[in-house]
There are 6 protein chains.
Amino acid sequence: MNTPRFPLPDINSLPNDIKAKVLEVQEKAGFVPNVFLAFARRPAEWRAFFAYHDALMTPETAGRTSGLTKGDREMIVTTTSAANNCLYCVVAHGAILRIYEKKPQVADQVAVNHRKAEISDRQRAMLDFAMKVCLDAQSIEDADFEALQVHGFSDEDAWDIAAITAFFGLSNRMANFAGMMPNPEFYLMGRVPKVK
Amino acid sequence: MNTPRFPLPDINSLPNDIKAKVLEVQEKAGFVPNVFLAFARRPAEWRAFFAYHDALMTPETAGRTSGLTKGDREMIVTTTSAANNCLYCVVAHGAILRIYEKKPQVADQVAVNHRKAEISDRQRAMLDFAMKVCLDAQSIEDADFEALQVHGFSDEDAWDIAAITAFFGLSNRMANFAGMMPNPEFYLMGRVPKVK
Amino acid sequence: MNTPRFPLPDINSLPNDIKAKVLEVQEKAGFVPNVFLAFARRPAEWRAFFAYHDALMTPETAGRTSGLTKGDREMIVTTTSAANNCLYCVVAHGAILRIYEKKPQVADQVAVNHRKAEISDRQRAMLDFAMKVCLDAQSIEDADFEALQVHGFSDEDAWDIAAITAFFGLSNRMANFAGMMPNPEFYLMGRVPKVK
Amino acid sequence: MNTPRFPLPDINSLPNDIKAKVLEVQEKAGFVPNVFLAFARRPAEWRAFFAYHDALMTPETAGRTSGLTKGDREMIVTTTSAANNCLYCVVAHGAILRIYEKKPQVADQVAVNHRKAEISDRQRAMLDFAMKVCLDAQSIEDADFEALQVHGFSDEDAWDIAAITAFFGLSNRMANFAGMMPNPEFYLMGRVPKVK
Amino acid sequence: MNTPRFPLPDINSLPNDIKAKVLEVQEKAGFVPNVFLAFARRPAEWRAFFAYHDALMTPETAGRTSGLTKGDREMIVTTTSAANNCLYCVVAHGAILRIYEKKPQVADQVAVNHRKAEISDRQRAMLDFAMKVCLDAQSIEDADFEALQVHGFSDEDAWDIAAITAFFGLSNRMANFAGMMPNPEFYLMGRVPKVK
Amino acid sequence: MNTPRFPLPDINSLPNDIKAKVLEVQEKAGFVPNVFLAFARRPAEWRAFFAYHDALMTPETAGRTSGLTKGDREMIVTTTSAANNCLYCVVAHGAILRIYEKKPQVADQVAVNHRKAEISDRQRAMLDFAMKVCLDAQSIEDADFEALQVHGFSDEDAWDIAAITAFFGLSNRMANFAGMMPNPEFYLMGRVPKVK
């Protein structure tokens with residue numbers, strides 16, 4: 001796809017609230033992750049998407065605590081996005097996962113086969129649940145919740161795992177549909193001691 | 001599941017903005033669809049969910065026109081939710097589909113096998129695309145867009161089809177995860193000439 | 001498919017025994033379910049099909065008792081026919097299921113996701129077995145029979161479950177092959193207190 | 001399964017009509033194929049099963065001609081029964097296929113991979129259609145019938161292919177469910193120039 | 001495929017070491033199994049392929065003992081090659097399996113459905129493990145090794161099962177790719193008391 | 001898996017020829033890739049494995065030229081190993097792919113979704129063929145070869161694609177079976193301008 005079907009809009013063409021948020025992200029990250037522009041063609045969807053994202057991924061902004069760590073959340077995203085063959089999310093969230101977990105190899109590991117990854121038993125159980133929500137939510141049953149409880153996950157934590165998986169299932173489908181490509185910057189983030 | 005793992009909250013316990021919207025829906029529909037309560041346990045997620053819903057399902061509220069009719073949109077939801085074995089969405093959105101399309105049999109038809117449903121060739125193409133986004137988004141390619149164009153769907157329409165499918169894929173997973181049940185009222189809506 | 005590939009024959013063109021049975025069904029139901037006409041193009045197959053149907057679905061006509069109720073049997077048909085995406089059987093047998101079980105919502109529930117349906121644990125076990133026969137009969141093993149026995153099903157009952165599933169697997173494939181459509185009357189049967 | 005769950009009944013315990021047919025088959029084949037005994041525990045089902053079998057597999061007994069040869073029919077059975085992993089039908093009908101086609105290797109070939117079998121292009125198209133009815137009947141569409149027409153198959157021939165596939169899909173599920181084993185005699189039939 | 005895409009080379013055109021081995025096999029078996037010629041178009045691959053084959057299938061030539069019998073090994077090949085729909089390997093190794101196990105029916109049984117085959121519980125466990133390596137190696141976990149240990153298989157035996165399965169997975173893909181056909185002689189070997 | 005089921009042998013315990021090769025690789029790469037040790041527990045298998053590897057991956061050592069470049073070959077390995085969820089091969093061969101192609105992002109791209117990767121149309125066709133050999137070799141047909149020919153691939157090139165895919169299918173299954181982990185060094189190779 002040489003000419004993109006859904007070209008990224010120019011930052012200056014965006015509504016003010018979206019433009020402000022994009023510039024804030026750019027300031028912080030040093031670049032604008034493509035998802036911020038790709039969804040901006042539709043401002044109402046953009047606002048809902050990032051509101052949902054923040055409610056799940058930064059629960060403290062929603063006045064909520066969570067039994068999942070930041071690293072747990074990104075690990076769920078990376079693992080289930082790989083199951084959905086979503087290049088954007090695996091590369092972008094794999095980068096953030098490496099940073100939060102301070103483990104430069106973990107993203108590649110969970111993306112290829114979470115059963116072989118060097119993660120805790122608790123994280124393995126978390127990912128098993130996430131993968132069932134991702135691929136076979138219709139069969140979720142009590143036994144799946146019980147397998148989480150063994151590792152200390154509450155039903156609220158289960159909701160977090162499920163909701164993050166479900167939300168990125170949406171994101172994965174849109175990214176694959178729209179041909180969204182990861183920014184080059186993501187590929188190397190968290191892999192080397194110091195990334196400028 | 002006799003005792004629900006995630007019981008529906010009492011309306012009076014909800015934040016004011018959510019309570020107001022719930023009462024408005026109740027006024028209009030005669031009952032509160034369970035999804036409005038099920039998600040309300042988490043207000044920030046509730047607000048994002050329904051903002052996203054409205055941006056896609058009532059594009060005019062987002063200042064947008066769409067090449068899809070109201071009936072088209074509900075048909076996408078009913079068809080893909082059946083592929084995801086989501087009881088809540090098939091029953092609730094099947095009801096709305098019957099009303100919009102004024103075809104009391106169409107929801108059952110697309111839910112069981114959209115290829116055998118009495119719908120237009122244009123709607124058949126729309127559902128074929130939606131099903132690919134639902135089940136195999138990673139393989140979407142130019143030929144899929146071209147199959148839509150034959151029936152007059154633009155790339156913006158394709159975005160609508162994909163986004164509705166992706167959004168309800170999220171909803172389907174959450175409903176299956178949380179054991180969300182459809183309100184009894186939905187089952188009969190749009191099946192008989194006059195339902196009070 | 002505007003012009004049907006396999007048009008339904010005229011009742012008056014049918015052999016006498018078939019015509020008599022068709023008229024009897026019409027008298028009782030108020031209409032002729034399309035399957036009675038669709039198969040009648042081939043009288044020998046028609047006779048075998050309905051003889052088999054009756055041997056399984058009305059065992060008392062075969063001088064046999066069964067541990068399954070009438071409702072159980074229709075529930076198996078509706079559930080497995082949905083797994084086979086057979087519009088005719090889901091709609092027609094869903095109607096009869098609603099009537100026998102006196103539960104206007106149960107057919108839609110088992111058709112979309114039997115794991116979420118409001119049925120007994122015994123019926124859930126019955127449907128789990130039926131779904132395995134439907135989708136993975138090659139893997140049936142002792143443990144599957146034992147799961148039935150927990151709920152009081154004998155090996156003869158297991159035969160009933162398997163045979164009903166297998167027979168309607170035949171029916172589902174023929175209906176999908178031939179494009180058999182359900183009569184409009186079925187869609188509403190058993191949903192409202194009184195259907196003429 | 002050392003002690004069979006569904007032991008074969010003694011011939012002398014069978015109803016007279018069934019006993020007569022069983023003895024006739026024994027006379028002709030030199031042994032009683034197990035399916036004749038396995039289904040005989042349920043006489044009404046036995047009668048319907050074999051009436052259906054004969055209507056499809058010996059259409060001349062139903063006063064019907066068919067565009068399929070005897071060998072074609074057994075080839076459909078062997079191929080689709082292998083897809084359903086049914087030991088009884090692959091071995092028993094593979095034997096008859098070898099005899100009718102006078103090709104001692106053809107049964108093994110179509111059972112393992114019909115795309116690699118030494119059969120005509122016409123038979124290849126026939127088996128492609130049968131496999132779609134067997135594994136994905138819900139997706140049958142006009143293009144599938146057209147692929148048959150290229151090789152001279154009429155819609156009536158398509159019905160034959162579909163009905164044989166669907167009927168043996170029933171048989172495959174019952175054989176797998178009941179643990180029906182092929183008679184030792186079948187394994188060698190049609191493989192060597194002269195089998196007594 | 002009338003004209004083969006990859007015709008078998010003439011024996012006399014082969015490098016001396018390969019020619020010598022081919023003639024040795026011909027002397028012993030009475031014919032040259034096609035795999036010896038099919039791979040010989042590429043001598044380096046031929047040498048590696050048969051060295052690997054011998055290391056696994058005749059471990060004593062590698063100075064190794066194994067907990068698997070000759071019959072066990074051929075049973076793994078026949079079963080997993082059928083799962084991969086490889087005509088060459090099912091027919092050729094099914095022949096050798098019949099001879100080693102002295103059971104003329106066992107190859108057909110495991111090829112169609114190893115769960116229904118007349119084999120020992122130990123062999124059933126061995127084949128369950130092999131099938132998981134064949135179809136779902138990414139999910140192999142400790143429980144799978146433990147299921148083998150119940151029947152006395154060591155981790156070294158597990159390696160044998162896995163390696164044979166993996167090696168013939170290579171062979172199956174190449175045979176299907178290249179359209180390799182079994183020699184006619186294989187079909188009957190081990191089926192009758194005496195093959196000339 | 002804290003204690004590895006199949007611990008890597010000490011280099012000094014290896015047969016001389018294997019030890020020499022391992023030391024040569026260590027000299028060249030700066031470390032010993034784990035596959036060289038993992039397979040070395042079985043010297044005969046080790047020798048065959050690497051002979052096969054070299055015959056396919058460095059055809060010039062086998063006196064053969066190939067229409068595939070070094071980068072093409074590693075791209076096939078990375079893509080199909082990801083389809084097989086093989087952590088070792090994705091990470092190790094992804095590293096080599098980055099180096100050969102001089103594209104630090106290409107390995108992550110093809111591993112997640114080769115359809116979205118920034119590769120040539122010719123490479124896309126090559127990977128489509130490889131994925132069919134990997135996942136559905138039984139259905140390979142003339143049309144698949146023709147799709148390669150459009151891009152200039154000969155039948156010999158097709159053999160290369162198939163054989164590399166098949167060989168690494170073996171490797172993937174063994175690595176998943178044995179829990180083989182990639183050396184830490186691989187993760188970063190080819191990602192940054194200069195890796196010592």
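1. Confidence. pLDDT is the predictor's confidence in each residue, on a scale from 0 to 100. This is a predicted model. For chain A the mean pLDDT is 96. In that chain, 97% of the residues reach 70 or more. For the complex, the predictor gives an ipTM of 0.96 and a pTM of 0.97. Where pLDDT is low, the predicted coordinates should not be read in detail.

2. Symmetry of chains A and B. A turn of 180 degrees lays chain A on chain B. The shift along the axis is 0.0 Å, and the RMSD is 0.0 Å. The two copies are thus related as by a two-fold rotation axis. The same surface serves both: 100% of the contact residues of chain A recur in chain B. Within chain A, the residue closest to the rotation axis is A:Ala48, with its C-alpha at 2.5 Å.

3. The A–B interface. Here 44 residues of chain A are in contact with 44 residues of chain B. The two chains bury about 4,100 Å² between them. Carbon and sulfur atoms account for 63% of that area.

4. Polar links between A and B. There are 12 salt bridges between chain A and chain B. B:Arg41 and A:Glu156 form a salt bridge through their side chains, at 2.0 Å from N to O. Polar contacts join 18 residue pairs across these two chains, both residues being at pLDDT 80 or more.

5. The D–F interface. Four residues of chain D are in contact with four of chain F. The buried area is about 270 Å², and carbon and sulfur atoms give 28% of it. One salt bridge is found across this interface. D:Arg124 and F:Glu141 form a salt bridge, with their closest N and O atoms 3.8 Å apart. Three residue pairs are in polar contact between chains D and F, both residues at pLDDT 80 or more.

6. Chain pairs without contact. Chains A and D do not touch. Their nearest C-alpha atoms are 20 Å apart. Chains B and E are not joined by any contact either, and their closest C-alpha atoms lie 20 Å apart.

7. The nonpolar core. The largest nonpolar core holds 137 residues. Which of its members touch the most others? They are E:Phe129, E:Phe177, F:Phe129 and F:Phe177.

8. Around F:Phe177. Neighbours within four places in sequence are left aside here. F:Phe177 is in contact with E:Phe129, itself one of the four core residues named above. F:Phe177 also contacts E:Ile140, E:Phe145, E:Ala158, E:Trp159 and E:Ala162 of chain E. From chain F, F:Phe6 is in contact with F:Phe177.

Note on methods:
Residues numbered from 1 in each chain as written. Chains lettered and ligands numbered in written order. Heavy atoms only, no water. Core = buried A, V, L, I, M, F, W, Y, C linked by side-chain atoms within 4.5 Å. Buried < 20%, exposed > 50% of the residue type's maximum accessible area, 1.4 Å probe, protein only. Contact = heavy atoms within 4.5 Å. Least-squares fit on C-alpha atoms with pLDDT ≥ 70 in both. Buried area = accessible area lost by both parts, 1.4 Å probe. Salt bridge = Lys/Arg side-chain N within 4 Å of Asp/Glu carboxyl O. Polar contact = N/O pair within 3.5 Å; in protein donor to acceptor, adjacent residues only side chain to side chain.
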